[in-house]
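Biologist: Before I rely on any label attached to this model, I should like to see how each one is justified. Could we go through the reasoning together?

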Amino acid sequence: MKRDEFINLADLASARVGGRAIAANDDFFAPKSNLVKAEPAVFILDKYTTRGKWMDGWESRRRRVPGHDWCIVALGMRGIVHGVNVDTSHFTGNFPSHCSIEAIDAPKGVKPSIYESEGAPWTTILAKSALRGNGDNFFEIGDRRPWTHLRLSIYPDGGVARLRVYGEAEVDWKRIASGKPAVDLALVTNGGLFMGASDTHYGTRGALLMPGRAKNMGDGWETKRNRTPGHTHDWAIVRLGHPGRISKIEIDTNHYKGNYPDRASLEGCFAPNATLDALQAASWATMLPETKLSANKRHFFSGRQLRASGPFSHVRLNMFPDGGISRLRVYGTLARD
């Protein structure tokens with residue numbers, strides 16, 4: 001899997017899905033918690049703290065003894081890592097020269113006694129690699145085992161703005177679906193994936209599938225005002241975390257008031273493991289026909305309102321003609337092999 005493919009996967013470490021920086025040997029200048037912020041790092045020219053320049057990232061002091069600095073991140077979703085971005089945005093004369101990453105699968109947590117352990121139980125998934133300052137540093141990860149925690153080591157010291165961990169959630173469907181009439185198969189923490197869209201001019205990629213309701217108008221999927229002659233609608237394709245039979249749909253236009261779509265529809269197809277290009281040519285069945293929407297509102301559809309139930313592995317949300325939708329929920333039961 002190459003960079004252009006893995007950067008479209010979910011960020012397993014994002015604070016939006018529960019990712020946390022749980023320990024660091026040194027975060028003197030800037031706190032470790034910044035590493036997993038969902039939003040891009042910013043730079044504020046004249047902002048200082050009592051310890052020095054305010055930086056939107058994790059930054060250690062200048063090391064005067066041998067060794068290196070490290071930070072441990074608990075992934076918000078246990079999963080298989082396909083690639084990482086060690087983002088050094090705005091760190092110019094104070095970024096680390098190199099980094100490495102180790103991983104551990106410890107669903108019950110990592111004990112402080114092994115925070116600094118060399119070797120087992122930690123597994124190196126990224127060998128010591130050179131970094132460049134003030135920008136992205138993408139690395140492919142070949143190990144396809146699931147992990148719960150990563151240890152980012154920087155050499156010898158310095159600052160990293162964000163750690164993005166791109167991968168696929170390892171979902172315990174037996175636990176999630178047990179005793180429930182239906183689960184949200186599109187939810188990112190259930191393995192749902194925002195694969196692509198006709199337009200993502202505004203908002204945040206993948207926000208459509210995030211937990212909870214949107215916090216503002218930037219926390220959703222919003223397209224630009226399309227002036228192209230013949231343009232009828234915009235679309236987004238979502239891979240469900242597990243193929244299923246759909247019983248209820250929610251389309252939420254929370255915060256979209258003067259820019260919500262006039263109408264929406266939802267289609268489904270069964271094409272497990274299909275690429276985005278292949279899905280464009282797939283046969284789609286209409287679940288929800290073109291339906292009127294309202295501003296700043298949760299819209300629920302079920303029963304006879306749905307024309308088809310599947311099983312489906314992917315859904316395509318269409319908005320007419322353009323606008324913003326904050327969340328899509330696709331509730332269903334698992335399709336068994």
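The exchange below concerns a predicted model and sets its values against the criteria behind the labels.

Biologist: What makes the radius of gyration of the chain agree with that of a compact globule?
Modeller: For 337 residues, a compact globule would have a radius near 20 Å, and the chain has 22 Å, which agrees. The C-alpha atoms fill a box of roughly 70 × 45 × 30 Å along the principal axes.

Biologist: How is the chain made up in terms of helices and strands, and what share of its residues is buried?
Modeller: The chain has 3 helices and 23 strands. Of its 337 residues, 51% count as buried, that is, they have under 20% relative accessible area. Among contacts between residues at least 6 apart in sequence, 79% join residues at least 24 apart.

Biologist: Why is the pair of Phe28 and Phe29 called edge-to-face?
Modeller: The count of aromatic pairs comes to 4. In the pair of Phe28 and Phe29, the centres are 5.0 Å apart and the planes make an angle of 90°. Centres within 6.5 Å make a pair and planes over 60 degrees apart make it edge-to-face, so both terms apply. Ring pairs also link Phe6, Phe138 and Tyr166 into a cluster.

Biologist: Why is Phe28 called partly exposed?
Modeller: Phe28 has 25% relative accessibility; partly exposed lies between the 20% and 50% limits, so the label follows. Phe29, at 25%, is likewise partly exposed.

Biologist: How do you know that the charged end of Lys53 sits over the ring of Phe43?
Modeller: The charged end of Lys53 is 4.5 Å from the centre of that ring, and the distance limit is 6 Å. Lys248 lies over the face of Tyr331, at 4.9 Å from the ring centre.

Biologist: What makes Asn134 and Asn273 notable in their backbone angles?
Modeller: Most residues other than glycine have a negative phi. Asn134, however, has a positive phi of about 55°, and Asn273 has one near 70°. Asn134 is in the loop between strand 8 and strand 9, and Asn273 lies in the loop between strand 18 and helix 3.

Biologist: Why is Asn273 called exposed, and Asn134 partly exposed?
Modeller: The relative accessibility of Asn273 is 76%, and over 50% means exposed. Asn134 has 41%, so its value falls between 20% and 50% and the residue is partly exposed.

Biologist: Which peptide bonds that lead into Pro121 and Pro321 are cis, and where are these prolines?
Modeller: The bond from Ala120 to Pro121 is cis, with omega near 10°; Pro121 is in the loop between strand 7 and strand 8. The bond from Phe320 to Pro321 is cis, with omega near -10°, and Pro321 is in the loop between strand 21 and strand 22.

How values were computed:
Residues are numbered from 1 along each chain as its sequence is written. This is a predicted model: local features need pLDDT of at least 70, side-chain atom pairs count only at pLDDT 80 or more; totals for chains, interfaces and linings use all residues. Side-chain values use heavy atoms; hydrogens and water are left out. Rings of Phe, Tyr and Trp (its six-membered ring) pair if their centres lie within 6.5 Å; planes under 30 degrees apart count as stacked, over 60 as edge-to-face and the rest as tilted. Buried means under 20% relative accessible area, exposed over 50%, partly exposed in between (1.4 Å probe, protein chains only). A charge sits over a ring if NZ of Lys or CZ of Arg is within 6 Å of the ring centre and within 35 degrees of the ring normal. Helices (H or I, at least four residues) and strands (E, at least two) are DSSP runs, numbered from the N terminus. The radius of gyration is taken over C-alpha atoms; the globule rule is 2.2 Å times the number of residues to the power 0.38. Contact means heavy atoms within 4.5 Å.
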